[in-house]
Amino acid sequence: MLGFLIQRFLQAIVVLVVIAALVFLGVFAIGNPIDVLISPDATQQIRLDTIARYGLDQPLWQQYLAFLGRLAQGDLGRSFVFNMPVLDLVLSRLPATLELTLAAVAGATLLGVPLGMFAGYRPHSKVAKLLMGLSILGFSVPTFWIGLVLILVFAVSLGWLPAGGRGETVTVLGVEWSFLTLDGLKHLLLPAVNLSLFKLAMMMRLARAGTREIVLTDTVKFARASGQSEWTILRHHVLPLISIPIVTVFGLEFGSTLAFAVVTETIFSWPGLGKLIIESIQSLDRPVMVAYLMLVACLFIVINFLIDLAYAALDPRIRARR
Amino acid sequence: MSAPLLAVRDLATHFFARNAVLKAVDGVSFTLDAGEILGLVGESGSGKSVTGYSLLGLIDPPGRIVAGSVKLQGRELVGLPTAELRALRGRRLAMVFQDPMTTLNPVLTIAAQIRLAIAAHERVSARAGRARAAEVLTRVGIPDAARRLDAYPHQFSGGMRQRVAIAVALLNRPDVIIADEPTTALDVSIQAQILTEMKALVSELGTALIWISHDLAVVSALASRILVMYAGRIVEQGPTASVLRAPRHPYTSGLLDSLPARAEPGAMLRQIPGLPPTLAALPPGCAFQPRCPRADSLCGMAPQVTLTGVRGWRCHHPLDGGPP
């Protein structure tokens, strides 16, 4: 186990170094941030001073080395636009995205897996066919359109729910959370539903396919022959057996939603990471983009590691191989 | 003689495919006495496994029991509500399957699987469940059972896995165990061990056993009575010794001739010509007719069962029974 941890740690460092190079090169190639930073009528002297202050007059490789050096010390630079340390900026936006993503992915899983299992258990029932039809909708209708329709129906026409923002927040452990207040929950609901529809469809299809396959196996027949009820069989035999692909998708969806909830956050003016990255791309706020991408890489490394641990917890055969 | 433990009459289980009805079991009748070991023999696709599943009501759609009756101590099982049938499964009727690799759940410990089987019929504390699991595993010959309760199926050998499955079947001392080729997937030496132990266990507990197999040699070592199935029907039945010594149905005789033990050393094995019929295209009349050396025009009509004492067969031209 220790060997496995060390191996994974070294892998993670290699991945991060490679990502750092790609990110630096990619971001460097985009536009010239100076044009955004100073007003068009600034003097040439102000312009040169600004360039020197941000180290943009040095050769690319020196900038990269300086960047790596600062990165190793945990210093990701200051935002051009907000003029504050990037790490603080990104981390201040993380909780908003975290709670939105968690609500969406967990909701999709908790609802999608049982529905999918039902559809796999009774594949010829009308309900199962309806669920599968709806899941195709969930896959194919674009997120931004669903978001707009949700706002139109629930915020504009019915006026039940707010159209955007985080609402009232409560500070716990120095971080602001929306889900702890009623008003915050109301604000959370529409964007979470918007984000979760696609995932709900996917979880349903995944659970259905797994269940259909497992209920035909001798494992289930043997459990039936010993008198176990259908509920026991679904809960104790089928669910553990289909959980590995579900955990995989849960992890990857969680990571990618955390990183790229851009569309939903923009539509619902949710002040999270997605909104931050879009704004920083528009204003060519390089340090923010870099810090954000590095954070995403770290997130995926951590999530993949957790998925591997979950595999081992779920399937003893994988444990044995390690 | 008292009423039989299990009485099956004219059982018919059909599978409804898109444009055909597959008569997997087509009018099977037999009885089973308490503590008796009955062998059910036939080629793949003869309907022997479906017969076994039908007894427990474990036929999945598109299959269905369309006719007949299964009575356990006089109680009709066909058409019983699911909940009542479920209460009988594992308690009065149990089943062991062919491949122990696939019957046990790979992600649950042995103790967890046995506990689920116990909990299907009674409330039991975790501790009492473990004790009971260890006891039943010891009974089926798993050494050091208490220590291996938390092992997973993949940590057991094939023979040990099948012992666990047998332990689950024996858990509630059922009246009948239906064993569907339980030794086919095992090594020959393990096969013999399991056969011997199974025989001892059922005689110790007074459990009746229906042993389903394509292997006449295995069945003859175990069963006191044999049923031979062909294309969904029982074509011959009788006490094992009598059937083996003097088969009346040409199919039984063909099966016996194809046993390696009966062949001259070095000589080619004799086989039954042709292939087992597919259920979708059964010949009219006697299903064995196209492969039968004794067939004639009479065989275009389905033969009825001829019963003489304990022997029975379904043939227009039975082989000579020899001196009774």
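Here a student and a tutor talk through why features of this predicted model get the labels they do.

Student: Let's start where the chains meet. What makes the pair A:Lys221 and B:Asp60 a salt bridge?

Tutor: The cut-off is a Lys or Arg side-chain nitrogen within 4 Å of an Asp or Glu carboxyl oxygen. For A:Lys221 and B:Asp60 the N to O value is 4.0 Å, so the pair counts as a salt bridge. Chain B and chain A have two salt bridges between them. A:Lys221 and B:Asp60 also belong to a network of salt bridges with A:Arg224 and A:Glu230.

Student: How many residues does each chain bring to the contact, and how much area is buried?

Tutor: Chain B gives 27 residues and chain A gives 21 residues. About 2200 Å² is buried between them, with 65% of that from carbon and sulfur atoms. There are also six residue pairs in polar contact, both partners at pLDDT 80 or more. On the chain B side, helices H1, H3, H4 and H7 and strand S6 each supply at least two residues. That side splits into 17 nonpolar, seven polar and three charged residues.

Student: B:Gln113 has a polar side chain. Why is B:Gln113 called buried or exposed?

Tutor: Buried means under 20% relative accessible area. B:Gln113 comes in at 8%, so it counts as buried. The residue is found in helix H4 of chain B, and among its contacts are A:Gln228, B:Leu108 and B:Pro153.

Student: And what makes its link to B:Asn105 a polar contact?

Tutor: The limit for the N or O pair is 3.5 Å. The side chain of B:Gln113 reaches the backbone oxygen of B:Asn105 at 2.6 Å, so the pair is within that limit.

Student: Now helix H5 of chain B. How do you know that its length fits its 14 residues?

Tutor: At 1.5 Å a residue, residues 126–139 should span 20 Å, and the end C-alpha atoms are 20 Å apart, so the two agree. Buried residues in H5(B) include B:Gly129, B:Ala133 and B:Leu137. Their cover includes H4, H6 and H7 of chain B. Just after the helix, B:Gly141 has a positive phi of about 85°.

Student: Back to charges. What makes A:Arg8 and A:Asp308 a link between distant parts of the chain?

Tutor: Their side chains meet in a salt bridge at 2.2 Å, N to O. A:Arg8 sits in helix H1 of chain A and A:Asp308 in helix H13 of chain A, 300 residues apart. Both are buried.

Student: How does A:Glu279 pair with A:Lys275, and how far apart are they in sequence?

Tutor: Their closest N and O atoms are 3.1 Å apart, in a salt bridge. Both lie in helix H12 of chain A, four residues apart, about one turn of the helix. Residues three or four places apart in an α-helix point the same way, because a turn takes 3.6 residues.

Student: Why are those two called partly exposed?

Tutor: The class runs between 20% and 50%. A:Glu279 is at 29%, so it falls inside, and A:Lys275 at 21% does so too.

Student: What about B:Glu197 and B:Arg163: which parts does that pair tie together?

Tutor: The salt bridge has its closest N and O atoms 3.0 Å apart. B:Glu197 lies in helix H8 of chain B and B:Arg163 in helix H7, so the pair ties together parts 34 residues apart in sequence. B:Glu197 is partly exposed at 28%, whereas B:Arg163 is buried at 5%.

How values were computed
Residues numbered from 1 in each chain as written. Chains lettered and ligands numbered in written order. Predicted model: local features only at pLDDT ≥ 70, side-chain atom pairs only at ≥ 80, totals over all residues. Heavy atoms only, no water. Contact = heavy atoms within 4.5 Å. Buried area = accessible area lost by both parts, 1.4 Å probe. Polar contact = N/O pair within 3.5 Å; in protein donor to acceptor, adjacent residues only side chain to side chain. Nonpolar A, V, L, I, M, F, W, Y, C, P; charged D, E, K, R; others polar. Expected span 1.5 Å × (residues − 1). Buried < 20%, exposed > 50% of the residue type's maximum accessible area, 1.4 Å probe, protein only.
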